[in-house]
Amino acid sequence: MKLLPADDRPREKLIEHGPDILSNSELLAILIRTGTTERSALDIARELTDNGGLYSNIAQARSVADLSKIKGLGPAKAAAILAAVELGRRVAGADPQKKVKLSSPEACVSYLMPRMRYEQQEKFLVLLLDSKNQLLKCQQVSEGTLNASVVHPREVFAPAMLHRAACVLAAHNHPSGDPAPSIEDRKLTQALEATGTVMGIPLLDHIIIGDGRYFSFRENGYLDE
């Protein structure tokens, strides 16, 4: 990449203009740093990100071996990319410094999508809210297989009681990318709603996160107003 004009080199572009203007491959090339005698870091980065690779090659990578299959990407460079992906995942899942208000399905999805979209196992979260629908705590209560997690209402409402939540939101992901609810999802939502009514900790919504899409039980009329 030294042969490129300074304005076209990813690192120099970032320093001069900030990261927002860089493409996915340019951002990745900064992590890769150097290429081989046959391929530049930018060439390797383009192979990793082209044709949906940002999702299939990067977001879903869980080991150095997953990335090292790309020619020119050795264990050290693969480790750097894996560390950056994991750091981004942790930043997305970090507890907010200021209370987040989750008073609509759209606000909930904005909070949940980056945390759950790329998970390869089904995970079930409970979001504990105060009387103003502000987030007190987000807690994982179950992790299942590729397409199923086993959840009991007591696992959802136990942390709600512990943290004195005024109400709760339930959320889980579908690794398939399709957020359409299963029969089991509908039955669980009914059980959670009934339990919340008895306990005086209402279930505001149950949201299923897919690949850039979501399903809200409240939006679709499955929960009482």
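What follows walks through the fold, helix faces, cores, main pocket and a few loop residues of a predicted model.

Starting with the overall layout, the chain has nine helices and five strands. Read from the N terminus, the elements come in the order α-α-α-α-α-α-α-β-β-α-β-α-β-β. Along the principal axes, the C-alpha atoms fill a box of roughly 70 × 35 × 30 Å. Of the 225 residues, 40% count as buried. As for contacts with a separation of 6 or more, 58% of them link residues 24 or more positions apart.

Two of the helices show how burial is arranged around an axis. In α2, which spans residues 24-32, the buried residues are Ser25, Glu26, Leu28, Ala29 and Ile32. Looking down the axis of α2, these buried residues fall within an arc of 165°, so they line one face of the helix. Helix α3 covers residues 41-49, and here Ala41, Leu42, Ile44, Ala45, Leu48 and Thr49 are buried. Around the axis of α3 they take up an arc of only 160°, which puts them on the same side of the helix.

Each of these helices is followed by a residue with a positive phi. Just after α2 comes Arg33, with a positive phi of about 70°; just after α3, Asn51 has a positive phi of about 55°. As background, most residues other than glycine have a negative phi. Arg33 sits in the loop between α2 and α3 and is exposed, at 59% relative accessibility. Further along the chain, Arg164 is another residue other than glycine with a positive phi, near 55°. The loop between α8 and β3 holds Arg164, and with a relative accessible area of 76% this arginine is exposed.

Turning to the interior, nonpolar side chains in soluble globular proteins tend to be buried together. The largest nonpolar core in this model has 19 residues, and those with the most contacts inside it are Phe124, Val156, Phe157, Ala160, Val168 and Leu192. At least two residues of this core come from each of β1 (123-129), α8 (153-162), β3 (167-173), α9 (183-199) and β4. Apart from this core lies another one, of 17 residues, including Ala41, Ala45, Ile70 and Val85. Back in the largest core, Leu192 gives a good idea of who meets whom: leaving aside neighbours within four places in sequence, Leu192 is in contact with Phe124, Pro153, Val156, Phe157, Ala170 and Leu203.

Next comes the empty space. The largest pocket has a volume of about 530 Å³. It is lined by 21 residues, of which Leu54, Ile58, Ala59, Val85 and Tyr118 are the closest to its centre. Helices α2, α4 (53-59), α6 (75-93) and α7 (105-116) are the elements that give two or more residues to this lining, and the largest share, six residues, comes from α6. Sorted by class, the lining has 14 nonpolar, three polar and four charged residues. One residue ties the pocket to the core story: Val85 is among the lining residues closest to the pocket centre and also belongs to the core of 17 residues.

Two more loop residues round things off. Gly210 lies in the loop between β4 (203-209) and β5 (214-216), and it is buried, with a relative accessible area of 1%. Its C-alpha atom is 6.0 Å from that of Asn173, although the two residues are 37 residues apart along the chain. Not counting residues up to four places away in sequence, Gly210 touches Met113, Arg117, His174, Gly177 and Pro179.

Pro202, by contrast, counts as partly exposed, at 41% relative accessibility. This proline is found in the loop between α9 and β4. With neighbours within four places in sequence left aside, the contacts of Pro202 are Ala166, Cys167, Val168 and Gly196. One of these partners, Val168, is also among the residues with the most contacts inside the largest nonpolar core. Measuring C-alpha to C-alpha, Pro202 and Lys132 are 13 Å apart in space and 70 residues apart in sequence.

Conventions:
Residues numbered from 1 in each chain as written. Predicted model: local features only at pLDDT ≥ 70, side-chain atom pairs only at ≥ 80, totals over all residues. Heavy atoms only, no water. Buried < 20%, exposed > 50% of the residue type's maximum accessible area, 1.4 Å probe, protein only. Helix = DSSP H or I, 4+ residues; strand = E, 2+ residues; numbered from the N terminus. Arc of directions from axis to C-beta. 1 Å grid on protein atoms, 1.4 Å probe; cavity = no way out; pocket = protein on both sides within 12 Å on 5 of 7 lines; lining within 4 Å. Points joined across faces, edges and corners; volume = space filled by probe spheres on them. Nonpolar A, V, L, I, M, F, W, Y, C, P; charged D, E, K, R; others polar. Contact = heavy atoms within 4.5 Å. Core = buried A, V, L, I, M, F, W, Y, C linked by side-chain atoms within 4.5 Å.
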